[in-house]
Amino acid sequence: MTTVTTGAPTPTRAVGTAHTRIEGRDKVTGAARYAGEVPFTGLAHGWLVLSTVARGRVSALDTDPVLAMPGVLTVLDHRNAPRVRTDYTGLMGMRPDPTCAVFQHDRVPHLGWPVALVVAETPEQAREAAETLVVHYEQEAHDADFTGEHPNAHPADGHMPAITEKGDLDAELAASAVVVDAEYTTPEEHHNPLEPHAATAHWDAGRLEVIDSNQGATWVVGELANLFSLDPASVRVRSEHVGGGFGSKGVRAHQVAAVMAATVLQRPVRVVLTRRQMFSLAGYRSPTSQRVRLGADTEGRLRALEHRSVSVTSTVYEFVEPSAGVARVMYDADAHHTANRVVPLDVPSPTFMRAPGEAPGSFALEAALDELAERCSLDPIELRLRNEPGKGPVSGLPFAGRNLTACFREGARRFGWADRDPRPGLRKDGRWLLGTGTAAASFPSGAAPSTASATAHPDGTFTVRISAADIGTGARTALTLVAADALQVPPERVQVRIGDSDFGPAMIAGGSMGTRSWSWAITTAAGELRERLALGADIPPEGITVRSDTTAAIGALAPAERHSFGAQFAEVAVDVSTGEVRVRRMLGIFAAGRIVNPLTARNQLRGGMIWGISMALHEEALRDRASGGHVGADLAGYHVATHADVPHIEADWIDDTDPNDPVGIKGIGEIGIVGAAAAIANAVWHATGARHRHLPIRPDRVLSAATEAPDA
């Protein structure tokens with residue numbers, strides 16, 4: 001046996017220092033294997049067949065010719081696929097989207113619905129056979145046309161109450177000296193992570209193992225166990241490397257289809273989605289139609305605030321894009337009304353997408369605040385500071401830190417806001433009109449119960465195991481720094497293993513809660529391990545392991561409004577003769593808790609801001625009313641910001657350590673995109689004098705606005 005000490009306690013060591021990604025070399029050299037690359041002996045390949053009608057039923061499938069094709073092993077459809085159940089409650093109290101429960105009936109609720117899986121020896125054989133399969137439909141009339149005035153729109157709770165009301169809205173609006181009443185829209189947007197969705201399923205000695213690209217291994221275990229009526233202990237999910245998620249990588253059709261095929265064939269089966277299939281099977285951000293009404297006194301203080309949002313859901317699963325939720329946190333008023341409503345259409349189910357609700361909601365709210373500032377003849381920052389709430393505008397709970405004012409003051413100083421002439425349409429650079437704009441940002445900073453283990457080895461090293469998911473954020477590296485500080489050793493002596501459900505339940509990588517939740521569990525386990533080692537315990541060859549569970553500690557947190565905050569600034573150049581808009585520079589200053597790794601944190605924040613550019617100027621998925629499908633379901637037809645669109649972007653933060661968190665963390669994954677589109681839209685108004693209330697700000701819209709009066 002060996003006795004090991006962790007070393008003398010020292011002040012801040014690893015947390016807060018820049019550290020390159022631990023797995024970086026493996027990723028750039030190809031040594032890191034993603035879900036679609038892990039080899040298996042006897043691997044078969046499945047290819048999904050998707051419906052070509054938007055509503056109806058499958059009347060027949062001509063499978064015999066396909067089964068006779070070279071390499072084809074089976075065709076699964078609603079007639080022969082294993083049965084699954086969906087009558088359960090999953091993550092965060094949500095029931096599963098029936099789209100993942102494939103081949104259970106002959107109904108088709110949207111174009112791109114999975115109707116069959118062809119399995120063959122090679123992916124090429126599977127694809128050829130899938131494209132050969134003839135499916136007959138009884139087609140029905142469909143409705144895929146979204147409008148905010150749709151007659152079937154209705155309130156829906158989602159993960160927050162659908163409606164909140166305080167005060168007499170009509171009376172306060174009538175008594176207001178200045179009123180803004182405007183409609184804002186955002187289009188359907190898609191995640192499109194760099195790594196497509198992929199899963200391989202196989203049975204090993206009676207245990208189901210799935211190699212997957214997901215945002216939470218224990219989440220997928222729970223869903224698969226429920227769907228297939230399995231003991232969760234008999235299911236293992238591994239997801240070591242994930243090439244992006246953004247909310248899209250939960251349990252979807254390809255994983256379930258792979259498990260079905262592996263069960264039927266009793267051999268490993270891999271199913272990978274194509275980029276085009278991801279547009280109907282991986283979820284997306286719903287389009288929104290939002291109305292914001294603001295009433296203020298002569299000093300710009302809000303008397304009335306109304307934020308109503310309508311979004312799309314499918315006919316088989318109700319998902320809410322809670323865009324009005326951001327108003328419940330940002331500003332107070334004597335009368336404060338918000339509502340989230342949905343319209344069920346014959347379209348795929350939307351899902352969580354980076355900053356769900358806050359990203360589109362902040363565009364409408366922060367653009368409306370900018371309009372109010374203009375009408376009150378106030379600086380946009382000053383207007384926001386005059387309406388800083390002392391407590392949660394709806395909840396009445398205290399803020400567990402709200403440093404938005406500090407973000408605005410620091411951002412204004414660094415951006416040169418004091419030199420800004422508030423009058424629109426005056427600054428020019430050759431053919432370009434120049435303008436600057438700003439907007440506020442917020443996103444919840446929660447924590448969820450998680451477990452972790454920490455092991456001390458005789459050679460003086462440590463291993464930490466937790467079912468975390470690194471979806472490209474640098475979480476693996478951040479957790480190593482947290483563990484090193486908690487163990488009071490250099491990071492080089494710590495190995496953090498993640499992405500395996502056998503490590504025990506843990507929070508998913510979502511809601512900006514991953515690193516905070518995992519760090520809490522790791523800190524707890526490491527602290528208990530240090531205590532044992534401090535007693536001089538001998539370390540056996542297998543090591544000493546301590547396991548933590550943060551359920552009780554997180555449950556004991558006092559109720560409060562917990563959020564990260566930020567201030568976004570943008571400068572744009574607009575050519576009103578061509579409609580071209582170029583973002584010249586952006587600055588984001590954030591209050592997002594203690595920053596674990598400045599290198600990866602800054603990349604996360606800048607990445608969110610770049611996505612804000614994409615949201616403001618480019619992203620727009622268009623549906624064909626006749627077919628119910630996308631006009632261009634690929635990255636040629638769906639436009640995103642490219643290098644030429646990305647200017648000099650600065651992202652920084654102020655000191656904002658959370659005293660209620662063991663490490664002081666809040667969350668940074670989503671705050672970077674919030675408010676970015678609004679800051680750009682507000683800058684376009686400052687450049688041209690024309691308001692753009694509908695995203696994206698396309699060249700044709702700029703040209704159209706240029707022919708109209710300002711504020712049209």
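A strand here is a DSSP run of E of at least two residues, and strands are numbered from the N terminus. With that in hand, let's work through some exercises on this predicted model.

**Exercise 1. Place Ser453 in the fold, and decide whether Ser453 is buried or exposed.**

Step 1: Look for the strand. Ser453 belongs to β20, which covers residues 451-456.

Step 2: Check the accessibility. Ser453 has a relative accessible area of 8%. Buried means under 20%, so Ser453 is buried.

Step 3: Find the partners. Setting aside neighbours within four places in sequence, Ser453 touches Thr463, Val464, Arg465, Ala525, Thr545, Val546 and Arg547.

**Exercise 2. Describe how helices α15 and α16 pack.**

Step 1: Recall what to look for. Two packed helices are described by the angle between their axes and the distance between the axes.

Step 2: Read both values. α15 (residues 598-617) and α16 (residues 676-688) meet at an angle of about 55°, and their axes are 7 Å apart. The angle therefore makes α15 oblique to α16.

Step 3: Add the handedness. The crossing of α15 with α16 is right-handed.

Step 4: List the contact. From α15 come Met609, Gly612, Ile613, Met615, Ala616 and Leu617, while α16 supplies Ala676, Ala677 and Ile680. Of the residues in this contact, eight are nonpolar, one is polar and none is charged.

**Exercise 3. How many disulfides does the structure hold, and are Cys100 and Cys376 buried or exposed?**

Step 1: Count the disulfides. The structure has zero.

Step 2: Turn to the cysteines. Cys100 is buried at 4% relative accessibility, and Cys376 is buried with a relative accessible area of 11%.

Key. Residues are numbered from 1 along each chain as its sequence is written. This is a predicted model: local features need pLDDT of at least 70, side-chain atom pairs count only at pLDDT 80 or more; totals for chains, interfaces and linings use all residues. Side-chain values use heavy atoms; hydrogens and water are left out. Axes are lines fitted to C-alpha atoms, for helices over the stretch in contact, and angles run from 0 to 180 degrees between N-to-C directions. Helices (H or I, at least four residues) and strands (E, at least two) are DSSP runs, numbered from the N terminus. Angles under 35 degrees count as roughly parallel, over 145 as roughly antiparallel, 65 to 115 as roughly perpendicular and the rest as oblique. A crossing is left-handed if the near helix is turned anticlockwise from the far one by less than a right angle, and right-handed if clockwise. Contact means heavy atoms within 4.5 Å. Ala, Val, Leu, Ile, Met, Phe, Trp, Tyr, Cys and Pro count as nonpolar, Asp, Glu, Lys and Arg as charged, and the others, Gly among them, as polar. Buried means under 20% relative accessible area, exposed over 50%, partly exposed in between (1.4 Å probe, protein chains only). A disulfide is a pair of cysteine sulfur atoms within 2.5 Å.
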